[in-house]
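The following paragraphs lead the reader through a protein structure, beginning with a single residue and moving outwards. Please keep the model in view while reading.

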Amino acid sequence: MSDLPPPAPPVFATDVDADHRSGFVSFVGRPNAGKSTLTNALVGTKVAITSDKPQTTRTVVRGIVHRSDAQLVLVDTPGVHRPRTLLGERLNDLVAATWGEVDVVAVCFPADEKIGPGDRFIAAEVAKLKHTVKVAVATKTDLAGPERIGEHLMAISALGTDLDIEWAEIVPVSATAGDQVGLLADLLVPLMPPGPPLYPEGELTDSPEEVLVAELIREAALDGVRDELPHSIAVLVEEMELREDRPADKPLLDVHAILFVERDSQKGIVIGRKGARLRQVGTAARQQIQTLLGTPVHLDLRVKVAKDWQRDPRQLRKLGF
């Protein structure tokens with residue numbers, strides 16, 4: 001089943017500029033290539049969580065860029081990697097399915113690292129898409145000097161030649177510093193097909209609020225953990241509703257969520273001494289949720305063990321994978 005939205009409702013020709021363009025761009029690359037940070041920078045607000053831990057993105061996140069001349073729907077996908085679990089296999093399948101449904105595939109190559117086997121593997125898979133426009137993005141240019149960036153751009157061009165990929169554009173950007181992010185959008189617009197907007201004005205993502213909230217909690221939980229623990233953390237929002245009997249000018253959103261780990265030892269790490277770490281996670285997540293939704297939030301966060309959930313089909317279904 002397609003993961004893209006249903007067709008937009010009919011729009012009369014008088015409502016849309018005849019030169020208006022709209023379409024889908026999928027950012028792909030290996031884990032921690034800067035795809036989510038770039039998505040957020042282009043949208044202008046946070047629609048995808050970011051972390052210095054690889055393989056942070058686990059869902060297809062769509063961010064929507066509204067312009068007078070175009071609407072870009074940015075599809076941020078999980079990083080393609082050699083899977084070690086059933087979850088990893090399903091994430092790779094999700095990425096592959098997305099590639100065939102977009103107008104442009106933009107492959108992200110971090111400028112602070114040389115092109116490696118993982119990059120080459122992804123580019124080779126993208127080369128198989130015969131009817132999809134390909135763009136190369138040299139990300140994280142703020143972490144590399146001019147000489148290194150020049151070498152990187154030449155290496156990307158050479159990779160395209162080796163794999164018979166015709167890059168429509170090769171664009172160096174720094175999402176963190178904001179360098180050339182606007183230029184990237186300007187270059188993507190002409191690659192979109194003519195057509196009316198696919199989403200209403202002002203809508204910045206089509207992810208359900210419960211999914212966004214769960215991701216913000218997971219982002220807070222990832223901060224400061226290491227080794228295998230980041231990959232063992234999952235979050236499920238059980239309930240989210242406005243508290244009754246509150247005055248209209250003083251709403252309070254009750255969020256009840258479960259933070260899952262795979263082993264008892266991990267549960268202790270996440271909770272921390274006398275619950276100190278879990279309180280930190282809750283405070284950081286609550287602030288992000290309030291910023292996202294514009295409503296004061298009461299966050300009830302519990303930690304449970306779901307043994308080896310990354311390898312358990314039943315647990316994966318429960319968690320939405």
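Begin with threonine 139, which, apart from neighbours within four places in sequence, is in contact with Ala33, Leu38, Cys108, Phe109, Pro110, Ala111 and Val173. The model is a predicted one. Threonine 139 belongs to strand β5. Is this residue buried or exposed? Threonine 139 counts as buried because its relative accessibility is 2%, and the cut-off for buried is under 20%.

One of the partners of threonine 139 is Leu38, and this leucine is a useful next step. With neighbours within four places in sequence set aside, leucine 38 is in contact with Phe27, Cys108, Val137, Thr139, Val173, Ala175 and Leu184. Cys108 and Val173 thus appear among the contacts of threonine 139 and also among those of leucine 38.

Leucine 38 leads on to the interior of the protein. The largest nonpolar core has 25 residues, and those touching the most other members are Phe27, Leu38, Leu42 and Leu184. Which elements give two or more residues to this core? They are the strands β1 (21-28), β3 (70-76), β4 (104-110) and β5 (133-139), together with the helices α1 (35-43) and α5 (181-188). Helix α5 provides the largest share, four residues. Another core lies apart from this one; it has 24 residues, including Met240, Leu253, Val297 and Leu301.

Leu253, a member of that other core, is also a partner of leucine 242. Leucine 242 is located in strand β7 (residues 234-242). The C-alpha atoms of leucine 242 and leucine 253 are 4.4 Å from each other, although 11 residues separate the two along the chain. Beyond residues up to four places away in sequence, leucine 242 touches Pro251, Leu252, Leu253 and Thr295. Leucine 242 nevertheless counts as exposed, because its relative accessibility is 51% and the cut-off for exposed is over 50%.

The helices can be considered next. Helix α6 (residues 209-222) consists of 14 residues and spans 20 Å from its first C-alpha to its last, close to the 20 Å expected at 1.5 Å a residue. How many of its residues are buried? The count is 11 of 14, and the helix is mostly covered. Among the buried residues of α6 are Leu212, Val213 and Ala214, but also Glu215, Arg218 and Glu219.

Helix α8 (residues 264-271) and helix α9 (residues 276-293) form a pair whose axes come within 5 Å and cross at roughly 65 degrees. On the α8 side the contact is made by Ile269, Val270 and Ile271, and on the α9 side by Ala276, Arg277 and Leu278. Of the residues in this contact, five are nonpolar, one is charged and none is polar.

Two loop residues also deserve attention. Lysine 140 lies in the loop between β5 and α4 (146-163), while aspartate 164 lies in the loop between α4 and β6 (167-172). Lysine 140 has a positive phi of about 60 degrees without being a glycine, and aspartate 164, likewise not a glycine, has a positive phi of about 60 degrees. Aspartate 164 counts as exposed because its relative accessibility is 68%.

Finally, the protein may be viewed as a whole. The protein contains 10 helices and nine strands, and 47% of its 321 residues count as buried. Among contacts with a separation of 6 or more, 72% join residues 24 or more positions apart. The protein exposes about 16,000 Å², of which carbon and sulfur atoms supply 51%.

Conventions
Residues are numbered from 1 along each chain as its sequence is written. This is a predicted model: local features need pLDDT of at least 70, side-chain atom pairs count only at pLDDT 80 or more; totals for chains, interfaces and linings use all residues. Side-chain values use heavy atoms; hydrogens and water are left out. Axes are lines fitted to C-alpha atoms, for helices over the stretch in contact, and angles run from 0 to 180 degrees between N-to-C directions. Contact means heavy atoms within 4.5 Å. Ala, Val, Leu, Ile, Met, Phe, Trp, Tyr, Cys and Pro count as nonpolar, Asp, Glu, Lys and Arg as charged, and the others, Gly among them, as polar. The expected span of a helix is 1.5 Å times one less than its number of residues. Buried means under 20% relative accessible area, exposed over 50%, partly exposed in between (1.4 Å probe, protein chains only). Accessible areas come from the Shrake-Rupley method with a 1.4 Å probe; for residues, only the protein chains shown count as cover. A nonpolar core is a set of buried Ala, Val, Leu, Ile, Met, Phe, Trp, Tyr and Cys residues joined through side-chain atoms within 4.5 Å.
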